Amino acid sequence: MRWIADRIQEELETAESSYGISQSQARAILLAPVALSLFYLLSFLLPATRDMAAWMQEENRPIELLTFVFMLAGGVLGSFLAWRAKVGGEKFLVYGFYSVFSIGLLFTAMEEVAWGQWFFGFDTPSAIERINVQGEFTLHNIQGLHGKTEFARVAFGLGGLFGVWLSYKDQFRKIAAPFVLTTWFLIISVHAIPDLYVEIFSVEGRFDLLVSRLAEFIEMLIGTSGFLYVWLNSRMLASERNVRRLPKRGD
């Protein structure tokens with residue numbers, strides 16, 4: 001276990017130099033999803049806090065609103081990052097990837113709040129209402145797509161872990177995921193894969209119930225980690241641009 005602790009410490013030091021954050025901040029980012037998951041899981045298991053936990057994940061309640069806020073912020077920041085990367089002369093792989101990722105965050109953020117329907121209270125067009133399982137102005141609840149978000153959660157979790165692996169490949173470093181987000185992607189994957197399994201094979205019982213109840217919380221982790229990914233990498237790329245602008249000795 002000593003080598004694991006040493007490796008984590010090495011990565012925390014790398015985060016300090018690469019992303020301009022302190023080791024304590026990097027450690028907090030690494031441990032945050034573990035602490036949040038344990039707290040929320042216990043709140044569901046304990047009778048005294050179960051109702052509160054259920055209320056928090058209802059529509060237009062704290063968990064979904066936080067998911068919307070982080071995804072929206074990540075999408076806006078990511079769009080700015082993509083633009084800065086393009087005008088800064090980065091390769092298409094860099095600004096193209098951030099463009100697509102940002103569009104995905106913005107689209108998902110708007111789906112979370114039914115494209116403003118929750119805020120402004122407009123009626124769902126009748127043509128959409130007829131084919132929408134929840135009668136909302138959303139795409140993911142349309143018949144045939146409703147209840148299939150498990151695939152997206154699995155893809156995000158495993159894709160994030162793959163992105164962390166890419167951080168060790170120099171040619172992909174500018175779009176790779178920071179090591180400090182590993183715990184976020186692990187927890188998302190650990191939940192999403194069983195969730196997908198019980199959805200496909202219709203497993204019933206307390207395990208199925210618990211997994212489904214945690215789905216909204218996992219979506220909040222996805223939104224938060226998506227924002228952190230863009231925020232950390234924007235700091236990394238900005239730092240590298242500043243280094244390139246420094247006058248060389250003798251100029």
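## A helical model, starting from α5

The buried residues of helix α5 are V94, Y95, G96, Y98, F101, S102, L105, A109, E111 and E112. Here "buried" means under 20% relative accessible area, "exposed" means over 50%, and "partly exposed" is in between, using a 1.4 Å probe and protein chains only. This is a predicted model, in which local features need pLDDT of at least 70 and side-chain atom pairs count only at pLDDT 80 or more, while totals for chains, interfaces and linings use all residues. Residues are numbered from 1 along each chain as its sequence is written, and side-chain values use heavy atoms, with hydrogens and water left out.

**The overall picture**

The protein has eleven helices and zero strands, and reading along the sequence gives the pattern α-α-α-α-α-α-α-α-α-α-α. Helices (H or I, at least four residues) and strands (E, at least two) are DSSP runs, numbered from the N terminus. Of the 251 residues in the protein, 39% are buried. Take the contacts with a separation of 6 or more: residues 24 or more positions apart account for 66% of them. Contact means heavy atoms within 4.5 Å.

**Back to α5**

Helix α5 covers residues 92-112, which is 21 residues. From its first C-alpha to its last α5 reaches 30 Å, close to the 30 Å expected at 1.5 Å a residue; the expected span is 1.5 Å times one less than the number of residues. As for why buried positions in a helix can be spaced out, an α-helix has 3.6 residues a turn, so residues three or four places apart point the same way.

V94 sits in α5 and is buried, with a relative accessible area of 7%. Setting aside residues up to four places away in sequence, V94 touches A85, K174, I175 and L237. The C-alpha atoms of V94 and F172 are separated by 8.5 Å, although the two residues are 78 residues apart along the chain.

**α4 alongside α5**

Two packed helices are described by the angle between their axes and the distance between the axes. The axes of helix α4 (residues 62-87) and α5 come within 8 Å and cross at roughly 155°. That makes α4 roughly antiparallel to α5. Axes are lines fitted to C-alpha atoms, for helices over the stretch in contact, and angles run from 0 to 180 degrees between N-to-C directions. Angles under 35 degrees count as roughly parallel, over 145 as roughly antiparallel, 65 to 115 as roughly perpendicular and the rest as oblique.

The crossing of α4 and α5 is left-handed. A crossing gets that name if the near helix is turned anticlockwise from the far one by less than a right angle, and is right-handed if clockwise. The residues in the contact of α4 with α5 split into 14 nonpolar, eight polar and three charged. Ala, Val, Leu, Ile, Met, Phe, Trp, Tyr, Cys and Pro count as nonpolar, Asp, Glu, Lys and Arg as charged, and the others, Gly among them, as polar.

On the α4 side there's A85. Leaving aside neighbours within four places in sequence, A85 is in contact with E90, V94 and Y95. The C-alpha atoms of A85 and R241 are separated by 9.7 Å, with their positions 156 residues apart along the chain. R241 turns up again with G88: their C-alpha atoms are separated by 8.0 Å, and they lie 153 residues apart along the chain.

**A few residues side by side**

| Residue | Where | Relative accessibility | Class |
|---|---|---|---|
| N60 | loop between α3 (47-56) and α4 | 33% | partly exposed |
| A85 | helix α4 | 1% | buried |
| G88 | loop between α4 and α5 | 37% | partly exposed |
| A114 | loop between α5 and α6 (117-120) | 1% | buried |

Two of these loop residues have a backbone quirk. N60 has a positive phi of about 65° although it is not a glycine. A114, which follows α5, has a positive phi near 50°, and A114 isn't a glycine either.

**The α1 and α2 pair**

At the start of the numbering, the axes of helix α1 (residues 2-19) and helix α2 (residues 23-45) come within 8 Å and cross at roughly 120°. α1 and α2 are therefore oblique to each other, and α1 passes α2 in a right-handed crossing. From α1, I8, Q9, L12, E13, A15 and E16 meet Q23, A26, R27 and L30 in α2. The residues of this contact divide into five nonpolar, two polar and three charged.
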